[in-house]
Amino acid sequence: MLIGERGNIGTFPPPPPGSHDSPIPPEEVVNGSGAYPSQNTDNFPAYDNYPLANGGSPQTREGHMMPYYDYPMPISSDKGSTVLRAHSGSNMTAADAPDLAYCNMILEAPVPPTADQVPWFCTCTLCKGGSKGPKGDRGDRGLPGQPGSPGRRGLTGPPGLLGFTGRPGMKGQKGDDGAKGDQGPMGLMGMKGEHGFKGDKGDMGVDGRPGVQGLPGEPGQCPASCESIRGPPGEVGLPGIVGPRGLPGMVGMPGMKGQKGHEGEVGVPGIPGKDGQKGDQGEQGVCHCKDGAKGADGHQGSPGLRGEKGEMGPQGHAGADGLNGEKGDVGMKGPPGPCSPAIQSAFSAKLADLYPVADLPIPFTSVIYNMQFHYNPFTGIYKAPVNGTYVFSYHLVMFTRVLRVGLFHNFKPIVKSTELASLGSVSQQVVLHLSMGDEVWLQVRDTTSNGMYANSEASSTFSGFLLYPDSCDVPLSRELSDPIDGTYTWGELEAPATPAP
C-alpha cells in the first residue's frame, strides 16, 4: 500500500499480489479475516528480469540500492515473545535493537515517509506478536502481469457449418493461347448423310493452255497383203452440241393434183329450214253466175297470219300537263368518281458502284428523278408516303459474274432474278400494295453472285411510282413512321407447284 501510493521506484512493472516481492496481501487476505495463510510459491512465476542488489531487499529495482538501515528483524521465540534478529553483516545485536514502536511511529507520522525510507520489517504483515491494526482500504488493482507461457494445444474442434456461396467473381482476362496438343485418335466413321441439294452451275473455267506436242509414233510396217482390212465399228460418240436454228427454206413448187377420194358416208339430216316469206295475193276470180241460189255458208276459215307493223303516224298535238307525282325514295350511293390525288410519288435512279455488297440494300446513287425525296439514294431504300398501290421495276446489266438479285418488301423477298451468262441483263416489274412507312429495295444474294454492272454504254436502273392512293385526302398526321426492324437475309420464295404427270 505504501509502495503504490508514496514510493518512487521507477518504471518497473510491479510484482503480482501475494508473491515474495510484493508487500500487498492477496485478495483472499484482504477480503477475509485471521492470520495470513501460507502460500505455495511453486505456482508463482519467476521474475528473473528484476535486478536485485546483493543482500538487498526486493523493493530495490532498476539497480538502485535501497538505503540500508541496521534495523533488527523481529522473529518469534519458543516462548511466544518477539525477538529482533539483526541482519547479517551488521554490527547490531539483539540487546541494542529498537522495538517495534519505531514502526508504529512511522505509521502515525503526519507526513508518511516514502517507501524507500520504510524498513523492511515494518512492512511485513507476516510478523507475529505485534498488535494488529485496523483493516485498511482496498488498494488499487495492480498492473496486469506478463502473459504466461502458452498452454498445450487443445483438441481440434468439429468442422463448422457450410458457409453461404459467395457471389461469382468478375470475369478474368483471357489467358494466353496454350500450346497445340497432340493429334487425337481418329474418331469412328459417322453415318452416311442424306443427299444434298443440287448445287448451282459453276462458272465456266478459263481455257487451258495447249498441251505439248507428243513424240512421233513408230514407223508402220507394211502388211503381208496390200488389201485393207476393215476394223471393228467404234463406239457411238456423245451427241454434239445443238447447232443454231437455220434460216427458213424457200417455198417449194406446188404438188400434183391428187386422185379423187372415195365417196363419203351419208351425213346427219340437217336442221329444218325456216318458213318462207308470204306469197303475193292472187288475182280476183271472175264469177259468171247470174241469179243463182244462195249457197250454204261455208266453214269459217283459219285466222290469217299477223300482218307487218305499219308505219308510225304523224305526232299528235301535245296534251295538257299532268299533276306532279310523289317524291321517290333515296337511291343507293354510287361508286366514287375519279379524283385528283393530293400526294404524288415517283423515283428513278442508276447504279454508280459496280458489284454491290451482299446482305444490304443496293444504293442507286445516280438519281434520275426524285422530286418528292421518298427514295434515299444513300441507303437505296424507298419509303411509301401513303397507303396505296405502287409499281416497281428494275433493269440490270450483268458482266463477268453470275447475278442473283431480288426485290424485297419489309425484309421479305417478292421477286427474284438470275442470270448465268457472262454478259446479259435481267428485268422485272411488279405491282404492290403498300402501307404508309413500308420499305422497298433491291438486294443481291452473296459476293459470288453480285455481277451487277454499269458503264457509259450500259445502265442498271431501279424505278417506282405511286399508281393511285387508297384515299384522295391528305394524311392528317405528320409524325414520321418508326423504322422497320429486321435482318437483311436472302430468304426463300415459295416454289411453284409441279403438275403431276
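Here is a short tour of this predicted model, going from the whole chain to a few spots worth selecting.

**The whole chain**

Start with everything on screen. The chain carries three helices and 12 strands. Only part of it is tucked away: 20% of the 501 residues count as buried. Turn on a surface and you have about 44000 Å² of accessible area, with 55% of that belonging to carbon and sulfur atoms. As for contacts with a separation of 6 or more, 66% join residues 24 or more positions apart.

**Strand S12 and its partners**

Now select residues 461-469, which make up strand S12. Add residues 346-350, strand S3, and you'll see an antiparallel pairing with S12 over five bridges. To find your place in it, pick Ala349, which stands opposite Phe462 in S12.

Next, add strand S7, residues 388-409. S7 also pairs with S12 in the antiparallel sense, over eight bridges. Your marker here is Phe392, standing opposite Gly464 in S12.

**Leu466**

Stay on S12 and click Leu466, which sits in that strand. Is Leu466 buried or exposed? Its relative accessibility is 11%, under the 20% cut-off, so Leu466 counts as buried. Show what surrounds Leu466: leaving aside neighbours within four places in sequence, the contacts are Ile343, Ser345, Val386, Gly388, Thr389 and Tyr390. Try a distance on one of these: the C-alpha atoms of Leu466 and Ser345 are separated by 5.4 Å, although the two residues are 121 apart along the chain.

**The largest nonpolar core**

Time for side chains. Select Phe364, Phe392, Tyr394, Val405, Leu407, Met452 and Phe462: these have the most contacts inside the largest nonpolar core, a set of 29 residues. Which strands feed into this core? S3, S7, S9 (423-434), S10 (439-444) and S12 each supply at least two residues. S7 gives the largest share, with eight.

Zoom in on Phe392 again, the residue opposite Gly464. Apart from residues up to four places away in sequence, Phe392 touches a long list, including Phe347, Tyr382, Leu407 and Phe462. A run of contacts to pick out there includes Gln428, Gln429 and Val430, and you can add Leu432, Leu434 and Val440.

**A patch on the outside**

Finish at the surface. Select Ile368, Tyr369 and Met371, which form a nonpolar patch with about 310 Å² of accessible area together. Ile368 belongs to strand S4, residues 366-369.

Terms used: Residues numbered from 1 in each chain as written. Predicted model: local features only at pLDDT ≥ 70, side-chain atom pairs only at ≥ 80, totals over all residues. Heavy atoms only, no water. Pairing = 2+ DSSP bridges. Helix = DSSP H or I, 4+ residues; strand = E, 2+ residues; numbered from the N terminus. Core = buried A, V, L, I, M, F, W, Y, C linked by side-chain atoms within 4.5 Å. Buried < 20%, exposed > 50% of the residue type's maximum accessible area, 1.4 Å probe, protein only. Contact = heavy atoms within 4.5 Å. Patch = residues over 30% accessible without salt bridge, like charges linked within 9 Å, V, L, I, M, F, W, Y side chains within 5 Å. Areas by Shrake-Rupley, 256 points an atom, 1.4 Å probe, with all protein chains shown as cover. Salt bridge = Lys/Arg side-chain N within 4 Å of Asp/Glu carboxyl O.
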